[in-house]
Amino acid sequence: MKKKLSISIIFLTILGVGIVGIKLLNKPSIMVKGASIVTARDFRMKVESKWDNVNEKNYVELDWDNISDLTQKGYRLFQSEDQGTTWDNRSTNYGKVVKVLNIYPDRAESNTFKAWMDSLNMYNEKNEKLIEVTPVSNKDYNMNPLKYLKDGKGDWKYDVITIGSWDRNNHVKMEKEPSDYIMDFINDGRGVLFGHDTIAGDRPDVVNENKNMEKFAEKLGITFGHNYASTGQNTTHWAGSKKIKLVNDGYLMKFPFEMEENVVLTIPDTHNIEVQKKDVGEVWFEFIDLSMWGVTSIFDDGEYRSGWYLKTNENVSMIQTGHSNGASTESENKIIANTLYNLAQVSLESYADDYSVSDDVAPEKAVLTNLGGTFESFTIGINSLDKGKEYQWYVEADSKSKGLLKSDDVEETIISNIAGYFYQIDDLPTSDLSQEVESYKNSYGRIPEEKYDLYVAPPNSTAITYDTTAKIFGINGAKDADKYLHVVAVDRANNISEVTTIQINEVMTEFQITETYSDDFGNQLQEDNHVNVAKKENYSKVFPSISSYLNYGYQIDNTNIVEVVDAESVVRIPDVTKNYTLNYIYTKPAKLHIKQVIEEESESIAIPEKGKVTVINSKGGTTGENASKSHYDIQSGVGEGTISFSDIETKRKINYDFLNIQLNVPSFYQIDRVETLTNLETGEGETHNYEQSNLSLQFTASTSEYWITYYLRPVIDPGVYLNIVNNRLNVYYSNIDHFNVFIDGEKYKEFSVTNKATTESKVIDIPVSEIRNKVSVEYLNADGNPVTVYWNNTWEFVNDN
């Protein structure tokens, strides 16, 4: 088992000052889990995705077969983010001690690099500096470069070389052979960081000083002499400032010090001279608020761009620290430390950690399920599957016996897994929750744990795999069913999923039918009842009866009222998928007690044994819209005390609150008055003294019964009349001795009678069915002229009962 090193940021206290240190941990060898071999090559490599719970980021542990006869080029790690199309060098020394040779430009004041790195207090648990700097002057290096670069075996002693840092590099010159050794160092895969003005050719003296550095410009992807003109300096392509801005938030800015996203830093005055080729390497920081030589904007011609502060390309880099002669901020020192670690790309050990990986893919949309409970309080479960970013790696090993060897290409998906969830419950079918959650990110692009509604990542854990289910408790099926639940998932790399939105009734397993009971005036008749129905099952119930009320109809969720046919009608709601309010509606029967009283008896006029009334259910009295029309017989006779009421019970339509009573007044009679009582015992009511036959009565929640008495008196006029009395057709006559009866124009019967001044009558023996036809009577009046009278009414005397 190999001993491996990984880093985690810890806080140490020395002399009461809080400092940041690096802790080294022993790590066991790994097992391949999700990784897969894409291409098998010269030797094996294993990859395992890991989570650094202290620094809150992904990294990868890599192990490969040991190659026993390595050259000084050692192992170099290559990484691809596009499934092997392009490959980039990555450091093999994350968490390991990085040895640095700093070639400073001869002045004692320029020998600052070691102090800068030491000030960051990066130590392992053995109290060893993680960046170990050895300074040497440019003069001494020129005199004997191999003394400083290699050990007694001829092996490279350092991982990275830094050159600088002073304005104009203190006008020192590196000789050709010492500079060629630096190129050999680079070609063996080791890193070099160039300081301010170390590669510049903006005027003849500088070109002469730096001519042996020109070869490094191409490696880095910058020009040499781009700003030189025969007339002297051309500063229009320079850019300088006291402020720099992070323009690339990639891997270089994450380890060992994490930079804030888009951070702007204030630094000592500095600038670039040469312009950088845009399609070579990476620019990490640029100048903003330009303040030198009157240049106010960054030159950019599409191919080249000015204004760069830090640029890298593979294992070489240049930073503009140094113009202010040894001045540097702590932030600049951290940028340099990050750059050194990423330039340390060669290792002689057969394992490494890759901290340049990241999960930058959002999780899948959250899935919501019902985890059970009661209708009044159930639990909704939330889960999401994190999606990751695919990487590939291989290692090059330079062997003495077999030359350059390559490991397997190995692929692994980097997944941070779900950190937690945010949710909203409201009345809106859409939500901008993902944008709201985005605003919770701090300057490092992280969402603090305390911001989450539901946090699921295990605390202080390095686990990649764990239960990501969260629960929302206490969802009330009655109150919340029609509301919307919006959820986003966020992974530990702070990627935010799209919003999942459901209406809560979508995950409910049962629903509630709230039964209400009211009369046709909206008054509650009894307490509500609740019936739970399983999802997609049917609700079915016989219309419940209430004493002294008629079943009228039902209403579902304030839709149209459905009238029921009879008392045993069944109410159904099929395939229940939501809560319903089912209002059972009742009406009190409209009760009428009616009689017809003949106040004066006449010997010449028959006494009607029955009266006839038409009852019309109306919306607005005698002139309103009608809902129904019925005909009834009522008791009739002489003397009020001997006549009983005829009882009529009818069902009114909702919102049709009037009953219009129309009396079919017998011939030779007229209405003297009508008495209407709402309480027979107390006599409460009113008397109408009028002759019209229509009576309009309003029914309310408190008035549903009337006692009605029609008082009639005889009226005798000369001539011939036809009338229905006791369901027979009668001819009333006076002052004539002869008349003929016709049915539909055909003579039915001839009558000879005694000529009297008083009104007499004859019953015409015609069946009721034939009376519905057109009946006429012809006679001669006192002047001897023929007269015809007709019976052609609508025959409403037929009893509906």
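Of the contacts in the chain with a separation of 6 or more, 72% are accounted for by residues 24 or more positions apart, and this figure is the starting point for reading what is a predicted model. The secondary structure that carries the chain consists of 55 strands and ten helices.

The overall dimensions come next. Whereas a compact globule of 801 residues would have a radius of gyration near 28 Å, the value for this chain is 53 Å. Along the principal axes, the C-alpha atoms fill a box of roughly 170 × 65 × 55 Å.

Turning to the surface, the chain has an accessible area of about 36,200 Å², and carbon and sulfur atoms hold 44% of that surface. With the buried class set at under 20% relative accessible area, buried residues amount to 51% of the 801 in the chain. The charges number 79 positive and 120 negative, and the mean positions of these two sets lie 9 Å apart.

Confidence in the prediction can be followed along the chain, where the mean pLDDT is 88 and 91% of the residues reach 70 or more. Residues 1-33, however, have a pLDDT below 50, although the model gives this stretch 101 contacts beyond near neighbours in sequence. Residues 794-801 likewise have a pLDDT below 50, and this stretch has 24 contacts in the model beyond near neighbours in sequence. Where pLDDT is low, the predicted coordinates should not be read in detail.

Methods
Residues numbered from 1 in each chain as written. Predicted model: local features only at pLDDT ≥ 70, side-chain atom pairs only at ≥ 80, totals over all residues. Heavy atoms only, no water. Helix = DSSP H or I, 4+ residues; strand = E, 2+ residues; numbered from the N terminus. Rg over C-alpha atoms; globule rule 2.2 N^0.38 Å. Buried < 20%, exposed > 50% of the residue type's maximum accessible area, 1.4 Å probe, protein only. Contact = heavy atoms within 4.5 Å. Areas by Shrake-Rupley, 256 points an atom, 1.4 Å probe, with all protein chains shown as cover. Lys, Arg positive; Asp, Glu negative; His and termini not counted. Charge placed at Lys NZ, Arg CZ, Asp CG, Glu CD. pLDDT = per-residue confidence, 0-100.
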